[in-house]
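Student: I am new to this structure and should be grateful for a close look at a single part of it. Please begin with whatever term I need, and then set that part in its surroundings.

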Amino acid sequence: MNQFVYLRLELKRHFKLLPYLIIGAVALSIVIGSVAFCVGQLMYYRKGNGVKTLAFASEDDSYTVQLVMSSLASAESLSSLYHVEKTTAKQAIDMALSNKALLGVVIPRNFMHSIMVGDNYPIRVYFPANTSIVTVIATELCIATQNTLKAAQAGAYTEYDFYSSQNEYEAEKTANTELNAEFLTRALLRDNIYNKEKLYATGSFDTDVYYISSGVVLVMLLLGCVFIIRANTNNTISLKLNQNGINIFMQYMVNMLCIFLMLFVIYASAIIIFSVINAFVKFNSSLSFIKAIANGILLCLCSSSIITFLCGTTQNKLNSMLLLFIATLSSAFISGAFLPSIFLPKTFSSLAKFMPTTYLMNCTGISFNGGLATGYILPIMFFSVGFTAIGVLIKYHILYHSCGQKNAKSNENT
């Protein structure tokens, strides 16, 4: 009966903290959101260093060559990165050799006719004096282009041999025109050949989802400061409760349960608000409310175990708050909450595997991607049970050490 009354009183006491938790969550969200926004902008910031130029020159005035050059100049794959400048052959060579252009490309006279008859006059490509990764990529592209041309010629010659063997020379002209049109279409519409895949520095999560999940974890853990301020650190009360049948383990678990429920209320409210906002302002998120709530149980359970553990490590509330703040920010930084792991030293990536924030961030990120974090149940439960077990042992040590000191003082006074 005493245990039930104690649980009810603790729940009532913790529910009185709900307004402070809401204010704290809003304030932390604004601060963390501002930091995440700035970091996200800086992460993809690339300082402009002038327009990169590709110098093209053609000594072949045929309509097909001009069409190909115009198509390449307007292709998204080139125009988004480079400025294609049409010049004379001498200018293209000079621009490349003087590092004014990344490449100088010169198409020889009668180039298209040479392809038709099989002579294949070579296109001359001039590289800058300073070699770079661009040189390597351009060389590979030239080789690929050469092989593509060989394949197209093989197709055209095979088509001619087939129709000539059937004495269908008139039909061969029509077929050749259609085949050339198909080859040109495939070559010119290059954007349809490639699958566009946007890569994020944040790995498998979109940047928005990554920083939202990181912010949620940070808010959940830093809200522990509110619980620490209102925590009961009076050892005399704990000893009296122990004498009345509410042992140390029960006190610890009730406190952890209350913190868990408060965090879960904040988390569930945040998910509801996010779902409403997402209906009007579309984030790159496929949040499933039921799955997010299920994942939230893991998040709040581990967070409550960490907060309860840090509440009992020291009897000084200021020290406990400072410890929580330092532990949360350092662990989150190592896990990549502020800067993704790709920007951090390799040592941090190795340490991140041992940080609970790593698994909590991934769990929350999966929530906003509409999945269940089944792969993170074991590591999160391991951290939860580990922090709880160590916290209970520390609580026992502090109380019985305090009790021993009081008995010693009592004996001295006697």
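Tutor: A helix here is a DSSP run of type H or I with at least four residues, a strand is an E run of at least two, and both are numbered from the N terminus. With that term in hand, one may place Thr-388, which belongs to helix 17. The model is a predicted one, and everything that follows should be read in that light.

Helix 17 covers residues 377–413, and Ser-384 is another of its members. Both residues are covered. Thr-388 has a relative accessibility of 10% and therefore counts as buried, since the limit for that word is under 20%. Ser-384, with a relative accessible area of 3%, is buried as well.

What does each of them touch? Neighbours up to four places away in sequence are set aside for Ser-384, and its contacts are then Leu-301, Cys-302 and Ser-305. With the neighbours within four places likewise left out, Thr-388 is in contact with Tyr-252, Met-253, Met-256 and Ser-305. Ser-305 thus appears in the list for Ser-384 and again in the list for Thr-388.

These contacts lead to two further helices. Helix 13 spans residues 289–311, and helix 12 spans residues 248–280. Each of them also packs against another helix, and the two pairs may be taken in turn. In general, a packed pair is described by the angle between the two axes and the distance between them.

The partner of helix 13 to be considered is helix 16. The axes of helix 13 and helix 16 come within 9 Å and cross at roughly 160°. An angle over 145 degrees counts as roughly antiparallel, so helix 13 is roughly antiparallel to helix 16. The crossing of helix 13 past helix 16 is left-handed. On the side of helix 13, the residues that meet helix 16 are Ala-292, Asn-295, Leu-298, Leu-299, Cys-302, Ser-303 and Ile-306. They face Pro-356, Leu-360, Cys-363, Thr-364, Ile-366 and Ser-367 of helix 16. By class, this contact holds nine nonpolar and four polar residues, with no charged ones. Cys-302 deserves notice, for it takes part in the meeting with helix 16 and is also touched by Ser-384 of helix 17.

Helix 16 itself consists of the 13 residues 356–368. From its first C-alpha to its last it reaches 19 Å, which is close to the 18 Å expected at 1.5 Å a residue. This helix is mostly covered, with 12 of its 13 residues buried. The buried residues include Pro-356, Leu-360, Cys-363, Thr-364, Ile-366 and Ser-367, which are the residues that helix 16 brings to its contact with helix 13. Tyr-359, Met-361 and Phe-368 are also among the buried residues of helix 16. Just after the helix, Gly-370 takes a positive phi of about 80°.

The second pair joins helix 12 to helix 1, which comprises residues 2–15. Their axes come within 10 Å and cross at roughly 35°, and the crossing of helix 1 past helix 12 is right-handed. Helix 1 contributes Gln-3, Tyr-6, Leu-7, Glu-10, Leu-11, His-14 and Phe-15 to this contact. Among the residues contributed by helix 12 are Met-250, Val-254, Cys-258 and Met-262. The classes here are 11 nonpolar, four polar and one charged.

A third pair lies outside this chain of contacts and may serve for comparison. Helix 9 (residues 207–222) and helix 14 (residues 317–335) have axes that come within 10 Å and cross at roughly 160°. Helix 9 and helix 14 are therefore roughly antiparallel to each other, and helix 9 passes helix 14 in a right-handed crossing. Tyr-210, Leu-218, Leu-221 and Leu-222 of helix 9 take part in the contact, and helix 14 supplies residues including Leu-324, Phe-325 and Ala-332. This contact has eight nonpolar and two polar residues, and no charged ones.

Finally, the part may be set within the whole. The protein has 17 helices and four strands. Buried residues make up 38% of its 414 residues, and Ser-384 is one of the residues that are buried. Of the contacts with a separation of 6 or more, 76% join residues 24 or more positions apart.

Technical notes
Residues numbered from 1 in each chain as written. Predicted model: local features only at pLDDT ≥ 70, side-chain atom pairs only at ≥ 80, totals over all residues. Heavy atoms only, no water. Expected span 1.5 Å × (residues − 1). Buried < 20%, exposed > 50% of the residue type's maximum accessible area, 1.4 Å probe, protein only. Axes fitted to C-alpha atoms, helices over the stretch in contact; angles between N-to-C directions. Parallel < 35°, antiparallel > 145°, perpendicular 65-115°, else oblique. Left-handed = near helix turned anticlockwise from the far one by under 90°. Contact = heavy atoms within 4.5 Å. Nonpolar A, V, L, I, M, F, W, Y, C, P; charged D, E, K, R; others polar.
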